[in-house]
Amino acid sequence: MAELTHKIIKNHNLKHITELRVDPDIIQHRFSLSCSMCNCNGACCVEGVLLDIKEKELILAYSETIKKYMEPEQEHDTSKWFDHSVEYDIDFPSGKCDGTAVLDGKCVFLDSKGLCVLQRAATAEGMNKFALKPFYCVAFPLVIDGHVLTKDDPDFIKNPQCCCIVQEGPLTVLDVCREEFEYILGNEGLEEVEKIFEGVVNPIEKSA
C-alpha cells in the first residue's frame, strides 16, 4: 500500500472546523471479525467524557426527563453530574469543555448494565437517540485532536466485542465504525472517506 498522508475532508458536520484532516494511522489499523459498535457494554465510558459547554447546558435543560430513566442507585443530584472544571479546547464548538463526573468507578450517566441513560432517555422520549449524548461519546473510538480525525488512545481500544485492534485483522475502522464516521462527517463526508479507503485491501475480500 502506498504511503499515506493526512487527507483534508471538505464535507463534514463540524461547523467550528474549517479543514478537518484524517489521520492515515486510523486507516492502517485492523480489527477482529467479532468487532461491532453495537456490542458496546460501556467499558470504555467508565472514565467519563469531555463535552462542550453547550452540551452540558442541554443535558441540564433535560435533567428532569433524564432522571426518569435513571436507576434508583444512580446520582440524581445534577450538581454532581459534572466536574465543573472548564477547559479551553479548539476541538469543541464553543471553545470550552467540561467533563462528566465519575462516581463509583464509572461515568455518572452509566447504569448497572453499562448503558447510557442519556441515550435511553432520548430514545424513550421519541428524540434522536444521540440528541442528548455528548459528541465524543457518539464518536468513540474516533476523536478530533487538533482538528485531526483520528482514533482514541489504544489503551481504550481493547474490547474484542466492539473495537479491538489486532494485527492483520479482517476489518478496517470504516467497517467497524461506519455509523460514527457518518455522524461526524455526514453522507458526503463519508463518501470522501470511502474514497480514501479505496486503496486499502480488505483481507477477507483478498482471500475470497
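The second largest pocket here takes its lining from Asn13, Leu14, Lys15, His16, Asp52, Glu55, Asp91, Phe92, Pro93, Phe135, Tyr136 and Ile144. Keep in mind that this is a predicted model. Beyond the pocket, there's a sharply described bend to look at, with α7 turning by about 115 degrees at Gly186, plus a cis peptide bond between Phe140 and Pro141. Here's the rundown by topic.

**The second largest pocket**

- Its volume comes to about 160 Å³.
- Sort the lining residues by type and you get six nonpolar, two polar and four charged.
- Leu14, Phe92, Pro93, Phe135, Tyr136 and Ile144 belong to the lining and count as nonpolar.
- The charged part of the lining is Lys15, Asp52, Glu55 and Asp91, while Asn13 and His16 are the polar pair.
- In general, rolling a probe the size of a water molecule over the atoms is what shows where empty space is left.

**Helix α7**

- Helix α7 covers residues 178–197, which is 20 residues.
- How far apart are the end C-alpha atoms of α7? They are only 12 Å apart, whereas a straight helix would reach 28 Å at 1.5 Å a residue.
- Look at Gly186 for the bend, which is about 115 degrees.
- Gly186 is also one of the buried residues of α7.
- The others on that buried list are Glu180, Phe181, Ile184, Leu185, Gly189, Leu190, Glu192, Val193, Ile196 and Phe197.
- As a rule of thumb, an α-helix has 3.6 residues a turn, so residues three or four places apart point the same way.

**Cysteines**

- How many disulfides does the model have? The count comes to zero.
- Take Cys116 as a case: the closest cysteine sulfur, in Cys137, sits 6.1 Å from its own sulfur, and that's too far for a bond because a disulfide needs the two sulfur atoms within 2.5 Å.
- Cys116 is buried, with a relative accessible area of 16%.
- Cys97 is buried as well, at a relative accessible area of 0%.

**Contacts across the sequence**

- Leu58 sits in helix α2 (residues 53–61) and counts as partly exposed, with 34% relative accessibility.
- Leu58 and Pro134 are 76 residues apart in sequence, yet their C-alpha atoms are 9.7 Å apart in space.
- Gly114 belongs to the loop between β8 (106–107) and α4 (117–124).
- Buried or exposed, then, for Gly114? Gly114 counts as buried, because its relative accessibility is 14% and the cut-off for buried is under 20%.
- Gly114 pairs up with Val46 in space: their C-alpha atoms are 8.6 Å apart, with their positions 68 residues apart in sequence.

**Backbone oddities**

- For background, most residues other than glycine have a negative phi, and most peptide bonds are trans.
- The bond joining Phe140 and Pro141 is cis, with omega about 10 degrees.
- Pro141 falls in the loop between α5 (135–139) and β9 (142–144).
- His84 isn't a glycine, but its phi is positive, at about 60 degrees.
- You'll find His84 in the loop between α3 (63–68) and β5 (87–88), where it counts as partly exposed at 48% relative accessibility.
- Asp104 has a positive phi too, near 55 degrees, and isn't a glycine either.
- Asp104 is in the loop between β7 (102–103) and β8, and it counts as exposed at 78% relative accessibility.

Methods
Residues numbered from 1 in each chain as written. Predicted model: local features only at pLDDT ≥ 70, side-chain atom pairs only at ≥ 80, totals over all residues. Heavy atoms only, no water. 1 Å grid on protein atoms, 1.4 Å probe; cavity = no way out; pocket = protein on both sides within 12 Å on 5 of 7 lines; lining within 4 Å. Points joined across faces, edges and corners; volume = space filled by probe spheres on them. Buried < 20%, exposed > 50% of the residue type's maximum accessible area, 1.4 Å probe, protein only. Helix = DSSP H or I, 4+ residues; strand = E, 2+ residues; numbered from the N terminus. Expected span 1.5 Å × (residues − 1). Bend = angle between axes of the 7 residues up to and from the residue.
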